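Biologist: I would love a close look at one part of this model, the place where the ligand sits. Could you walk me through it slowly, as I am just starting out?

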Amino acid sequence: MNTLFAANWKMHKTTAEARQTAAELKGLVSGKLKPGREVMILPPFTALAPVAGALGGAANFLLGAQNFYPQKQGAFTGEVSPGMLLDVGVSFALTGHSERRHVLGETDAVVGAKTAFGLESGLGVILCVGEKLDERKAGNLEAVLERQIRAGLAGVPKDIAPERLALAYEPVWAIGTGEVAGPKEILEAHAFVRRMLVEFFGASASEMRILYGGSVKPDNASEIIALDNVDGVLVGGASLKADEFSRIVLA
Ligand code: PGA
């Protein structure tokens, strides 16, 4: 399985800025990427096509989406379907990102419906899970992860191709705060996620990627990537500048 370096641009960048950052990143990384690594850019919807154009099908670069609605088409004002994303070259999408859960109010059940529908529609899915600080302090880390994972995977076929489904562990208290989880915390959470994946999918769980996200920066990326059960990173703030993100990707 390839180690994945995913750039979640959130609600940042005009089309011109997105095109320029993607082109710059491609220039900085191309030819230098260690074997077994791939890079994914997840721009806002409006910049998907421009970023696809800037990447021009470059090897080891993927286009991802931050969100979608779990229906084929219809009267869903403001929403975008998996088919529309596939049409512009998207191969993966996030579900359950903490901002969708805690700012936009998505429930575990909605996250589960999206995960199942996205996979069924032909997208790869990165299901994000993670505890809030009060949940961790109350000793509920595993209970929260278990609840989110059970609901998130409820509709996913047991025989799903392992490369099409990734989990991202993103402790909410580490997202955008500069507060990175320590190696011990990451190891514990990722081992727990792996055990849950084995319970759901058996042997193929060992080929599913588990990403870490939350204040990943150029100076901590190589240490995080080297940890057991860490198969990539999901990066927000430090992915917005091509130079900074390239130092993570090449770490
Ligand atoms: P951050 O965001 O790297 O800015 O902490 C990570 C994420 O939300 O995916």
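Which atom of Ser215 lies 2.8 Å from an oxygen atom of the ligand?

Modeller: Happy to help! This is a predicted model, in which local features need pLDDT of at least 70 and side-chain atom pairs count only at pLDDT 80 or more, while totals for chains, interfaces and linings use all residues. Residues are numbered from 1 along each chain as its sequence is written, and side-chain values use heavy atoms, with hydrogens and water left out.

Now to your question. In Ser215, a backbone N or O atom lies 2.8 Å from an oxygen atom of the ligand. Gly237 also has a backbone N or O atom 2.8 Å from a ligand oxygen. With His97, a polar side-chain atom is involved, 2.7 Å from an oxygen atom of the ligand. On its own, the ligand exposes 280 Å², and the protein buries 97% of that (accessible areas come from the Shrake-Rupley method with a 1.4 Å probe; for residues, only the protein chains shown count as cover).

Let us step back to the surroundings. There are 13 residues around the ligand, and Lys10, His97, Glu170, Gly176 and Ser215 come nearest (a residue is near a molecule if one of its heavy atoms lies within 4 Å of it). By class, this shell has four nonpolar, seven polar and two charged residues. Here Ala, Val, Leu, Ile, Met, Phe, Trp, Tyr, Cys and Pro count as nonpolar, Asp, Glu, Lys and Arg as charged, and the others, Gly among them, as polar.

The ligand sits in the second largest pocket. To sit there, more than half of its atoms must lie within 2 Å of the pocket's grid points. A pocket is an open set of points on a 1 Å grid over the protein atoms alone, where a 1.4 Å probe fits, with protein on both sides within 12 Å along at least five of seven lines.

Finally, look again at Lys10, one of the nearest residues. Lys10 is in the loop between β1 (3-8) and α1 (15-29); helices (H or I, at least four residues) and strands (E, at least two) are DSSP runs, numbered from the N terminus. Its phi is near 50°, a positive value in a residue other than glycine. For another case, try Asn60, whose phi is near 70°, also positive in a residue other than glycine. You will find Asn60 in the loop between α2 (48-55) and β3 (61-65).

Notes: A polar contact is a pair of N or O atoms within 3.5 Å; within protein, one must be able to donate a hydrogen and the other to accept it, and residues adjacent in sequence count only if both atoms are side-chain atoms. On a 1 Å grid over the protein atoms alone, a cavity is a set of points where a 1.4 Å probe fits but cannot get out, and a pocket is an open set with protein on both sides within 12 Å along at least five of seven lines; lining residues have an atom within 4 Å of a point.
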